Every structure is written in C-alpha cells, then in structure tokens.
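Morning, everyone. Please bring up the model on your screens, and we'll walk through it together.

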Amino acid sequence: ALLTACDGDKYDLESIVPDQYHKILYINNSGTQNLTLYNTGEANIFTLSIYKGGSAPSQPATATLGVLSQETVYEEYSAPEGAHYKVVGEDCYSFDTPQLSFGANDRYKTVTVSLDIPSIQKVMDANPDSTCVLPLCLYSESDSINKDKGEVFLKLMEILMPAVGFTTTDITYVPFTYGFATETTDIEFGLDTENKWDIDCTFEVDPDYLAAYNEKNGTTFAALPEGSYSFEKTTTLPSGTTTGKLAVTLQGSNIQPGDYMLPVRLKDVSLFNVSTNAVYPLVLHILGTKLDRSGWSITANTEETSGEGVGNGIATCLLDGNLNSFWHSQWSGSSISLPHILTVDTKETVTFTQFGLMQRQHSSFRDVVAGNFYVSTDGSTWTKVRSFSMQRILEEQIFTIPPTKGRYFRIEITQSNRGINSSLAEAYAYGMK
C-alpha cells in the first residue's frame, strides 16, 4: 500500500527501503544440529544451503562461510547452556566454496563441508569431558545477514563404525494354511548410513537363538524342518542402496500345523560391522484346516438366557457365525463366579491344532483376559493343552496348541475385564481329520 501511494512521487525504492534490506542472506538449515559421524574411511559430508532474499533479491551479493572462535562459542553457547563445547581445529574440516558470490539470477547456493573423521576422533579423545562442535557462521562485508539464521551449530556427538543389520527384529507372525505349496517371504536388512559400496552379506540359521528365545520367553516355537526352507547364503547390498531383501523360500508339504521359528542370522559382512540387530526371528503360523462347525453342540456353566434379548447371550451364539450375537455369563438375577466354562462337542474325533476366539464386537465390552484350553476324547477326562491371554481387539485371535486328538474342547475363562462377568462372540477350532 505504501509503495502504491508513493507511485510517481519523488521518493523511489531507495528512499522507502533502507539499503541493508535490499539483499539479506541466510542459512536455510540454520540452528543447532546433532551429528552422528561414521568411520567409513572417507570424509563425512554435510551440506548447507545459503539463500538470498530481501526487497531487491536480483541484485548481486557476496558472503563468506566461516567458523566461530572458541571465545565466541563460550559466550553464545557454553555459558548460557552450562555446557562444555570444544571447537575442532582447521585440520578437522574443509569447505568446497567458502567464498560465495551471488549473481542477479542466483537465489541460493550450496556449500559442502567435509569432515575429517580421524582428526575429529583425536580431538574427541583429547577432550573427553567436552562436546566437540563445528560452529559455522555466515558473514559479509557488503550485504546483510539474517541474524537469526546466520549460524549452524554442529554438535559432533559420536563416531560410529557403520553396521549392517536387519531393519527390525520384532516378531511378526506369517500365517500359512496347512499343506500350502511353495511361498516366498522377504526379510529386510540394511546399512545404517549412506551406502557407497557393494557389501557382501552372509546369512545362516542360528538354532541356539531359538532355544534361548523359548527359554527366556516361555514360548514353544519349533524349528522349521530341514528341507522346508531355503535362502541364498550370500547376497550383495549394492552401492547406492541402503536396504535389501533376503528372500526365504518355504515348502509347505513338510510342515505340520503349529508355530515355528526360523532364526536367520547375519553372520558376516565384507565391510564394516554386523549390527546388534543380527538375528531376524521369522515366525510361521501354520494353521490346520478351519473345521466346519455345522452339527456341533455347546454347553456352558453359565449363560444369560433372557437379559440380552431373545436368541442372544446363550452359548450357541459362539457357533452361529453371527458376529453381532454373543454369549454372556449370567447376570440377570445373579452372577456365576469365574471360571466360566464352555464345552464344545464336534461330534467326531479330530486332531486339534489351534483354537480361535473373538471378543464381543462392542466398542467397550471386550471382556476376556485369560483362560485355558482343554481337549477330551470322551467328554469326561480332560487334558489341558495351553493357557491363553486375549487382547482387547475385535479380530479373531488364534492360539496354537500341540496337535492333540479328541472330540471335545473346552474354553475355561479365568480372568475378565469386568469382574465376574464375561462374554465372547465366536469360537473356532482348527485341525486335521
């Protein structure tokens, strides 16, 4: 508005906007940054972007990138923060173009800072109680510098040897149906910094990891049978890629239903180190056939026959295939204390391999916390096949048991999120006839 009002007036741009605002230079990625350095045998590279702005950015400008003195760092950073900062020497870094010259059409320029790792390591070793820093600053004798964006305070936190490892070691169940043919699953691994090399990686199976994992976590994962899996023992992580995939081929004809673990270890790399994420626990969930529930019968030591509406709350709701119906323990008139027991007769002898349960499909009532599964051949003598615990989710939760022959199975609920009341939407069984 001011410029428009003065159009044609004796005041021109030079009179309205002071000279120091015509060209203002600043560092785009200014401020304090923590740098982790890697000992790759080559210099580490840090890149800055220097921008030109102001009221007349088409005018030429010049600037220089430099380093703050130890005294200035003490005044601006160490004293206010109560920290010990040590400025590294000139042998620790170099600039490709410290002198910057902006032409009329130049809006920004980049400066590459090369960090010499062996020299920085010496400074770190000689100053163990200080944080080594490279405090970069932008200055100019002819043009203005944005005082809030004129410095980059690089904290050189640590120097690490690059390492190759699996991108995650969290257990994720990979489900397959019993009798599947050939399937392939990928395991991702990678380098923790920019990759400029071809790195050969050697893999193997670590049976000792499986035994230790089961003992530590109280699990019963079985080892995959020999001949049911294969993968390339050596693969290359090529230059320019930070992650790769190890393809594991699975042959299902030799795998019985159950939970299996294939602990794949990254044994060796041609460059650098193997990271702490050296083992990937590939876990397979081999499901038996989902058994047909038509003709099954079910009884319960407690059910709500009236309070949940006609046809709801009773035990048969667990077998009806309707997710909106549910069994509920008795609450109308009186309640039955835990445990709540549901007994299913499949009408034929099968080999059970898994049981599936679904919480009540309600936003609040997802009751069951824990319990036990039992199997019987005659409905009188029961064998406990496993304990279980449930999450408060709506999806089916599947629990693997040792393959057990029987006609009947029993769900015993021992813990609920709602005191002595509990409910479930559906119950399933998996196995082989």
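I'll go through aromatic pairs, charges over rings, a sheet, the nonpolar cores and two loop residues.

One caveat up front: this is a predicted model.

Aromatics, then. How many aromatic pairs does the structure hold? The count is 22. Take Phe352 and Phe409. Their rings meet edge-to-face, with 5.7 Å centre to centre and 70° between the planes. Phe352 belongs to strand S26, residues 340–358, and Phe409 to strand S29, residues 397–416. So the pair ties together parts that are 57 residues apart in sequence. Phe352 and Phe409 are both buried.

Next pair: Phe373 and Phe399. This one is tilted, at 5.8 Å between centres and 45° between planes. Phe373 sits in strand S27, residues 368–376, while Phe399 sits in S29. The pair therefore links parts 26 residues apart in sequence. Are these two rings buried or exposed? Phe373 has 0% relative accessibility, so Phe373 counts as buried. Phe399 has a relative accessible area of 6%, and is buried as well. The cut-off for buried is under 20%.

Now put those four rings in context. Phe352, Phe373, Phe399 and Phe409 belong to one aromatic cluster, together with Trp296, Phe355 and Phe388.

On to charges over rings. Lys290 lies over the face of Tyr428, 4.0 Å from the ring centre. Arg418 places its charged end over the ring of Phe365, at 4.4 Å from the centre.

Next, a sheet. This one is open, has five strands and shows mixed pairing. The order runs S17-S19-S14-S12-S21. Which strands stand at the edges? They are S17, residues 229–230, and S21, residues 273–274. Each has a single partner strand, so one side of each has no neighbour in the sheet. Look at S21 and its pairing with S12, residues 163–166. The sense is parallel, over two bridges. Val164 has Val274 in S21 as its bridge partner.

Now the nonpolar cores. As background, nonpolar side chains in soluble globular proteins tend to be buried together. Here, the largest nonpolar core has 31 residues. Leu48, Val113, Leu136 and Leu156 have the most contacts inside that core. Pick Leu136. Beyond four places in sequence, Leu136 touches residues including Leu48, Leu65, Val67, Phe95, Val113 and Val152. The contacts of Leu136 also include Gly66, Gly150 and Glu151. Another core lies apart from that one. This other core has 30 residues, among them Leu191, Val248, Val269 and Ile286.

Two loop residues to finish. Asn312 is in the loop between strand S24, 297–300, and strand S25, 327–328. With 13% relative accessibility, Asn312 counts as buried. Outside its neighbours within four places in sequence, Asn312 is in contact with Glu304, Cys317, Asn324, Ser325 and Phe326.

The other is Glu42. Its loop joins strand S2, 31–38, and strand S3, 44–53. Glu42 has a relative accessible area of 38%, so Glu42 is partly exposed. Which residues does Glu42 contact, leaving aside neighbours within four places in sequence? They are Ile117, Lys196 and Trp197. One long distance as well: the C-alpha atoms of Glu42 and Glu395 are separated by 51 Å. Along the chain, Glu42 and Glu395 are 353 residues apart.

That's the tour. Over to you.

Note on methods
Residues are numbered from 1 along each chain as its sequence is written. This is a predicted model: local features need pLDDT of at least 70, side-chain atom pairs count only at pLDDT 80 or more; totals for chains, interfaces and linings use all residues. Side-chain values use heavy atoms; hydrogens and water are left out. Rings of Phe, Tyr and Trp (its six-membered ring) pair if their centres lie within 6.5 Å; planes under 30 degrees apart count as stacked, over 60 as edge-to-face and the rest as tilted. Helices (H or I, at least four residues) and strands (E, at least two) are DSSP runs, numbered from the N terminus. Buried means under 20% relative accessible area, exposed over 50%, partly exposed in between (1.4 Å probe, protein chains only). A charge sits over a ring if NZ of Lys or CZ of Arg is within 6 Å of the ring centre and within 35 degrees of the ring normal. Contact means heavy atoms within 4.5 Å. Two strands pair if DSSP finds at least two bridges between them. A nonpolar core is a set of buried Ala, Val, Leu, Ile, Met, Phe, Trp, Tyr and Cys residues joined through side-chain atoms within 4.5 Å.
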